[in-house]
Amino acid sequence: MNDKKMVKFVHPLTGEVRMVKLGVSWTLFFFWGIFGIPFFMRKMKNYGIGVIIYVIASRIILTVIELYADVDVFILWSFAELGISATFFIEGNRITAKYYIKNGFKIDEKEEYKKNAIQKKWLVQDEIFLKPENQGGNQ
C-alpha cells in the first residue's frame, strides 16, 4: 500500500502501532455488514458489536415484516444499507482515526504537508500529533 496515504498511530504508553489510510475505506464499504468483521480487525469492538446487533435485529425485522405485511420492504432496506455502506466508504477511516485518538493514540508524522492533509481531512488538532522528541513510540 502507498505509504503516503497511510497514517501511523502510536500509543504513547504502550508503544502499540496502528495504521489508518488517509482516504476512503473499500474494506468497510464491502464488508461492514458481515458481522462487523472489519471493525474487530481494527480493534474497534464497540462498533463491531453494534453492527452485529444491527444485522441480527434487521434480519428479524425484515422476516417479521415479510411474513405479516403485503409490502416488499427488502428493496427499501437494501437502499438504506447501501446508504450505510456509502457512509462507511467515505467516513470509515476518519471514524477509525477518531476512535484511536479517543483511546489515547497519537499520530506519529514528521512531514508538515502530510500533517496539514490529516488535519484537513479528519478535522483534528495539533495536540494529537506526537511531539518530535516522542516520535517513533520511544520514550
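A helix here is a DSSP run of at least four residues labelled H or I, and helices are numbered from the N terminus. Keep in mind that you're looking at a predicted model.

**Stop 1: M41 and the greasy patch**

Start by selecting M41, which you'll find in helix 2. Is M41 buried or exposed? M41 has a relative accessible area of 66%, and since anything over 50% counts as exposed, M41 is exposed.

Now add W26, F30, F31, I34, F35, I37, I56, I60, V64, L67 and Y68 to your selection, and show the surface. Together with M41, these residues make a nonpolar surface patch of about 1300 Å². Colour by element and you'll see that helix 1 (26-31), helix 2 (37-41) and helix 3 (45-68) each give two or more residues to the patch. Which helix gives the most? That's helix 3, with 5 residues.

**Stop 2: the sheet**

Switch to cartoon view and look for the strands. There are 3 of them, forming an open sheet in the order 2-1-3, with antiparallel pairing. Strand 2 (17-21) and strand 3 are the edge strands, each pairing on one side only.

Begin with strand 1 and strand 2, which pair in the antiparallel sense over 5 bridges. Select V7 and you'll find V20 of strand 2 standing opposite. Move along to K8, and M19 of strand 2 is the residue facing it. As a rule, in a regular strand the side chains alternate between the two faces of the sheet.

Where the chain turns between these two strands, look for G15. The hairpin of strand 1 and strand 2 has 6 residues between the strands, and G15 takes a positive phi near 80 degrees there.

Now check the other side. Strand 1 and strand 3 pair in the antiparallel sense too, over 2 bridges. Select F9, and its bridge partner in strand 3 is I107. How much of strand 1 is covered? Mostly covered is the verdict, with 4 of its 5 residues buried.

**Stop 3: a long-distance handshake**

Go back to K8 and show its side chain along with that of D108. The two meet in a salt bridge, 3.7 Å from N to O. K8 belongs to strand 1 (residues 6-10), while D108 is in the loop between strand 3 (106-107) and helix 5 (112-122), so to speak a link across distant parts of the chain, 100 residues apart. Compare how covered the two are: K8 is partly exposed, with a relative accessible area of 29%, whereas D108 counts as buried at 7%.

**Stop 4: more salt bridges**

How many salt bridges are there in this model? The count comes to 6, so let's pick out a few more.

Select E81 and R59. Their side chains meet in a salt bridge at 3.2 Å, N to O. E81 lies in helix 4 and R59 in helix 3, so this pair ties together parts that are 22 residues apart in sequence. E81 counts as buried at 18% relative accessibility, and R59 is partly exposed at 38%.

Next, try E91 and R94, whose side chains meet at 2.5 Å, N to O. These two are 3 residues apart in helix 4, which means that about one helical turn separates them. E91 counts as partly exposed at 26% relative accessibility, and R94 is partly exposed at 27%.

Finally, select E16, R18 and K43: salt bridges that share partners join them into one network.

**Stop 5: the rings**

Time for the aromatics. The model has 15 aromatic pairs. Zoom in on F39 and F88, an edge-to-face pair with 5.3 Å centre to centre and 70 degrees between the planes. This pair links distant parts of the chain, with F39 in helix 2 and F88 in helix 4 (residues 74-102), 49 residues apart. Both F39 and F88 are buried.

Now widen the selection to F9, W32, F39, Y47, Y54, F88, Y99, Y100, F105 and W122, which form one aromatic cluster. You've already met F9, the bridge partner of I107 in strand 3.

**Last stop: a charge over a ring**

Select K115 and F129. What sits over the ring of F129? It's the charged end of K115, 5.6 Å from the ring's centre.

Note on methods:
Residues numbered from 1 in each chain as written. Heavy atoms only, no water. Patch = residues over 30% accessible without salt bridge, like charges linked within 9 Å, V, L, I, M, F, W, Y side chains within 5 Å. Areas by Shrake-Rupley, 256 points an atom, 1.4 Å probe, with all protein chains shown as cover. Salt bridge = Lys/Arg side-chain N within 4 Å of Asp/Glu carboxyl O. Buried < 20%, exposed > 50% of the residue type's maximum accessible area, 1.4 Å probe, protein only. Phe/Tyr/Trp six-rings, centres within 6.5 Å; stacked < 30°, edge-to-face > 60°. Lys NZ or Arg CZ within 6 Å of the ring centre and 35° of its normal. Pairing = 2+ DSSP bridges.
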